[in-house]
Amino acid sequence: MTAQSLIVPLPSFRDCNPSTQLSRIKGTGRGRSTHLHSNAGSVMSAVEQQPADASLSSNSSSSFEVIEADAANKYEAVVPHWFYCKVTDSRERWIPFSTQDSEKLEAAQKMRKDDEELVVPISGGRYDVHLKQRQCYAVYWEEEVSEVRRCTWFYKGEKDNKYVPYLESFSEELEEAYMIAVTLDEWKKKLESPNREIIILHNPKLMVHYHPVTVSDDWGSSSAEQGRPRTVKRGVENISVDIHSGEPEQIDHLVFVVHGIGPACDIRFRSIIQCVNDFRAVSLSMLQAHFKKAQEQQQIGRVEFLPVNWHSRLHSTGVDVDLERITLPSINRLRHFINDTILDVFFYNSATYCQTIVDTVASEMNRLYLLFLQRNPDYKGRVSIAGHSLGSLILFDLLTNQKASSEDEDGKEKESQTGARHGADASSVKEILEKLKLSEYSTVFEKERMDRQALLLCTEQNLKDMGIPLGPRMKILHYISSERETQDSNHWAQIIAGNSGEGRTESESSAGPGSAGSRSSGRNCPYPDVSLGQVSANYPQLIYKPAIFFAFGSPIGMFLTVRGVKRIDPSYSLPTCKGFFNIFHPFDPVAYRIEPMIVPDMEFEPMLLPHHKGRKRMHLELKEGLTRMSMDLKNNLLGSLRVAWQSFTRAPLPAVEAASTESETESQNCSDGQTEVKPNEPPAAAKEEASPINVGMLNGGHRIDYVLQEKPIESFNEYLFALQGHLCYWESEDTVLLVLKEIYQTQGIMLDQPLQ
């Protein structure tokens, strides 16, 4: 009896230890012999039982030992890897989890396989995997549920040549067939998938998948034929796919990112979630490249970036339906794009929808912060905020209307002083009207819910809209004017008593009581307050104090100017946030500077962000070198022409010739000396750095405006890359590195090597 005719039990993929399987093959006295037939109808076709021969010859025993040794060397259990499925435009794409997350899921699968409630947090806690249901849910934002699969066998897809994992149950069948083929060295095995597709195992290196193709003849009858074979691979290590190692568990800082206009945030029309994912991925690579020492010493972990979406909430109010009714049918796509994106700017300048936007942004950031603390109870770090385009303006308006703890006390004192000053004769609108002998209009003001502060803000048009006749209207306007003058005189008396020596502009005095200008930390300077001209809205309060505010491609400077704020008080700072960085691309058409509004009398360039690999980009250095060289050539050429002209116009006398020669020599030396001195002179940027510029306290006395270096291809045509310049920040290593540098600098952690 030969070794191949022995009766062996059917191996199981669930026990993938080859020595265990072979011990079963060798030691079984009574078993079942299973052979994989080559027909396409079944995977395991015949199962038969035979009595085993009790007396095995010595040759048979030696044959078993040879099989055991060969099989133990050939077969190794496959290592599974976990994938999740993303559906984009009705097309499935299987993406591997990081090595860290896959190992976490595999460990949970082995330990608590039958636990119905088992949830495994992955991707830094931003997603939860319900292991029993094989589904992945987003934690912080709304997203479609993704299918999760434990993958061991793959076949190449039909369209994009990406490998697609088989179902888990069929992968077990494939592994069982593969183990038998390797153990017994019997190949050419044919299996049929649940979709009635044929898989043939030719050898360990060649395994193919045939997809049946329906072919119709001239008579209309159809028949199924084997289509083009697709490659089958075993194990994730045999397919070409990028698998990341994972993210550090420790979170040092939390950053909320607010998007700009429209639902798409980059040139590829991706959502804020996808763009922030890219920003986070770039930050991880920058940490490994520039904070390697701190990581090795376990001083830092990572920075978490979470997106804040307000566009979907705004357009779920029914405004899209109203716009659709009045939108013209022509150029439909362009009009739809304008309604969905450009109109967000007009919505923010509307009192109704501005309230919706600021409420959404503030409440969403507060919700995310509380949820983050709930999932990370040991977190002790701080919070920063970042905004792109219109999102930066929304955050700036929110921050300018936050109340610091010291300002709350000042506000209480001012309220008590105001109440004592006005006394009982002006405690309510009703008493004011009685004083003006206009008590018959009390019901009108009560209907409009008018208090004294609202009355002092009324204009003639407001009173006319309320139905107040001309005579009473003039009395009320005269009272409002006199009260404002009284407040101004009291305000000046406080300034003189405090020896401030600074006045108040007309724009500040007209801002009215309770305005942001009157609560700017007691600093009353000849500058309009930054909140001047803001849309009248009730700005909600954040439940935390941001450490730094980053603005990407921001139009803050333009909006402040349009609102009437031409200058910013150098001593002004945001009430609850002491850091502010305005980062922009040089070709960004939406971005504006901030520093010239603080220091309008000086002309200076913004800070040039160094390249993340150090120094300037090569084309910028080449441009500066060519500019310097052209200036030198120009000076030398002008000097030579001047000398030649002098030699032609002067008389050829010996004395004159000698004098001219000396003068030529002197002028030549002067020109040479100038050309020698100029290269040694520091460039303009270096001079600016040598003499620090006082840009006020908006960023704690540090520079505010930072400009990126354009790429070489972008320097050819700045108009062509203008739109790209506004959408480039999500994948910009230089931008991310500045954010990380400033965040970790607050913790006393510096870059491995300072960038120049």
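Let's start at one spot in this predicted model: V258 stands opposite V308, a residue of strand β18. These two strands are worth a look together. β17, covering residues 251-258, pairs with β18 in the parallel sense, and seven bridges link them.

Now stay with β18 for a moment. The strand spans residues 302-308 and is mostly covered, with seven of its seven residues buried. What about its two faces? In a regular strand, side chains alternate between the two faces of the sheet. In β18, R302, E304, L306 and V308 sit on one side, while V303, F305 and P307 sit on the other, and all of them are buried. So both faces of β18 are covered.

Let's move out to the surface. Here R91, R93, K159 and K162 form a positive patch. Take K159 as our example: you'll find it in the loop between β9 (153-156) and β10 (163-165). K159 has a relative accessible area of 76%, so it counts as exposed. That fits its place in the patch, because patch residues need over 30% relative accessible area.

There's another kind of patch to find, a nonpolar one. F269, I331, L334, F337, I338, I342 and F346 make it up, and it comes to about 710 Å². One of these residues, L334, belongs to helix α9, which runs over residues 332-348. Is L334 buried or exposed? Somewhere in between: its relative accessibility is 46%, so it counts as partly exposed. Since the cut-off for a patch is over 30%, L334 at 46% can still be part of one.

Technical notes:
Residues numbered from 1 in each chain as written. Predicted model: local features only at pLDDT ≥ 70, side-chain atom pairs only at ≥ 80, totals over all residues. Heavy atoms only, no water. Patch = residues over 30% accessible without salt bridge, like charges linked within 9 Å, V, L, I, M, F, W, Y side chains within 5 Å. Areas by Shrake-Rupley, 256 points an atom, 1.4 Å probe, with all protein chains shown as cover. Salt bridge = Lys/Arg side-chain N within 4 Å of Asp/Glu carboxyl O. Lys, Arg positive; Asp, Glu negative; His and termini not counted. Charge placed at Lys NZ, Arg CZ, Asp CG, Glu CD. Helix = DSSP H or I, 4+ residues; strand = E, 2+ residues; numbered from the N terminus. Buried < 20%, exposed > 50% of the residue type's maximum accessible area, 1.4 Å probe, protein only. Pairing = 2+ DSSP bridges.
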